[in-house]
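User: Could you take a close look at one spot in this model for me, and then walk outward from there into the parts around it? I'd love one connected account rather than a list.

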Amino acid sequence: MTHLDAITTLETAINSHDANSIAACFSAGYVSETPHHPSRNFEGRATVLRNWTAILGRFPNLTARVLRRAINGDEVWSEWEMDGTAADGTSAGIVGPVIWRTDSNGLVSWARFYLEPATDEPIRPS
C-alpha cells in the first residue's frame with residue numbers, strides 16, 4: 001500500500017460511517033498533532049475510535065472529500081473538506097490541510113491537522 005492509498009482508504013472509511021473501519025486505518029501508536037489547538041493532541045488508535053464514534057454519533061451523515069494530495073518524502077499532504085448535519089439540524093463544515101505519515105504496514109502513524117470549521121463570515125468586515 002502506498003502513502004496515497006492509505007489516505008484513500010481513510011477517506012473511504014470515513015464515508016462508510018463506521019468508526020471501527022476508520023480506527024483500523026491508524027497504527028496502535030498513532031500520534032495526532034493539532035498546532036492551532038495543542039490541547040487536542042493525542043496518541044493511540046483507541047482515542048481515534050473514541051473520537052470518531054462521537055463524531056459519527058453527532059453527524060451520522062458526515063461526508064469527507066480529499067480535494068488534493070501530494071507526496072513530500074514520507075509524508076502525504078492533503079486538503080480535506082467534510083460536512084454533515086446533526087439530528088437537531090445543525091450543520092457542520094470543516095476544511096483544511098492535513099499532513100500524514102504512514103508506517104511500513106500502510107497505517108497512518110502520525111498526522112498534523114490544520115482543519116477548522118468553515119464559516120460564511122468574512123475574514124475582515126467590510
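Analyst: Happy to. Let's start at Thr 102, which is buried because its relative accessibility is 16%, under the 20% cut-off. Please keep in mind throughout that this is a predicted model. Thr 102 belongs to strand β5, which covers residues 91-102. Setting aside neighbours within four places in sequence, Thr 102 is in contact with His 3, Ala 6, Asp 74, Leu 107, Val 108 and Ser 109. Several of these contacts give us a path to follow.

Take Asp 74. This residue lies in the loop between β3 and β4, and its side chain meets that of Arg 101 in a salt bridge, at 3.8 Å from N to O. Arg 101 is in strand β5, so the pair ties together parts that are 27 residues apart in sequence. With 43% relative accessibility, Asp 74 counts as partly exposed, and Arg 101, at 29%, is also classed as partly exposed. As general background, side chains of opposite charge can pair when their charged atoms come close.

The loop that holds Asp 74 brings us to the strands on either side. β3 (residues 63-72) and β4 (residues 75-85) pair in the antiparallel sense over nine bridges. Their hairpin has two residues between the strands, and Gly 73 there takes a positive phi near 65°. Along this pairing, Thr 63 has Asp 83 in β4 as its bridge partner. A salt bridge also links these two strands: the side chains of Arg 65 and Glu 81 meet at 2.9 Å, N to O. Arg 65 sits in β3 and Glu 81 in β4, 16 residues apart. Both ends are partly exposed, with a relative accessible area of 26% for Arg 65 and 27% relative accessibility for Glu 81.

From β4 we can return to β5, the strand of Thr 102. β4 and β5 pair in the antiparallel sense over 11 bridges, and one pair of bridge partners is Glu 79 with Pro 97 in β5. This hairpin has five residues between its strands, and Gly 89 in the turn has a positive phi of about 90°.

Now for the nonpolar side of the picture. In soluble globular proteins, nonpolar side chains tend to be buried together. Here, the largest nonpolar core has 28 residues, and those touching the most other members are Ile 14, Ile 22, Phe 26, Trp 52, Trp 80 and Trp 100. The elements giving two or more residues to this core are α1 (3-16), α2 (19-23), β1 (26-33), α3 (45-58), β3, β4, β5 and β6 (108-113). Of these, α1 supplies the largest share, with four residues.

Phe 26 is a good place to see how this region links back to our starting point. Not counting residues up to four places away in sequence, Phe 26 touches Leu 10, Arg 45, Val 48, Trp 100, Leu 107 and Val 108. Leu 107 and Val 108 are also among the contacts of Thr 102.

Val 48, in turn, leads into α3, whose buried residues are Thr 47, Val 48, Trp 52 and Leu 56. They lie on the same side of α3, because they cover an arc of only 155° around the axis. On the other side of α3, Ala 46, Arg 50, Ala 54 and Gly 57 are exposed. The cover over the buried residues includes α1, α2, β1, β2 (42-43) and β4. The length of α3 fits expectation too: at 1.5 Å a residue, its 14 residues should span 20 Å, and the end C-alpha atoms are 20 Å apart.

Val 108 points us the other way, since β6 covers residues 108-113. β1 and β6 pair in the parallel sense over four bridges, with Val 31 standing opposite Trp 110 in β6. Val 31 has a bridge partner in β2 as well, namely Glu 43; β1 and β2 run antiparallel and are joined by two bridges.

One last charged pair rounds off the tour. The structure holds eight salt bridges, and one of them joins the side chains of Glu 33 and Arg 112 at 2.6 Å, N to O. Glu 33 is in strand β1 and Arg 112 in strand β6, 79 residues apart. Glu 33 is partly exposed, at a relative accessible area of 22%, and Arg 112 is likewise partly exposed at 28% relative accessibility.

How values were computed: Residues are numbered from 1 along each chain as its sequence is written. This is a predicted model: local features need pLDDT of at least 70, side-chain atom pairs count only at pLDDT 80 or more; totals for chains, interfaces and linings use all residues. Side-chain values use heavy atoms; hydrogens and water are left out. Buried means under 20% relative accessible area, exposed over 50%, partly exposed in between (1.4 Å probe, protein chains only). Contact means heavy atoms within 4.5 Å. Two strands pair if DSSP finds at least two bridges between them. A nonpolar core is a set of buried Ala, Val, Leu, Ile, Met, Phe, Trp, Tyr and Cys residues joined through side-chain atoms within 4.5 Å. The expected span of a helix is 1.5 Å times one less than its number of residues. The arc is that of the directions from the helix axis to the C-beta atoms. A salt bridge is a side-chain nitrogen of Lys or Arg within 4 Å of a carboxyl oxygen of Asp or Glu.
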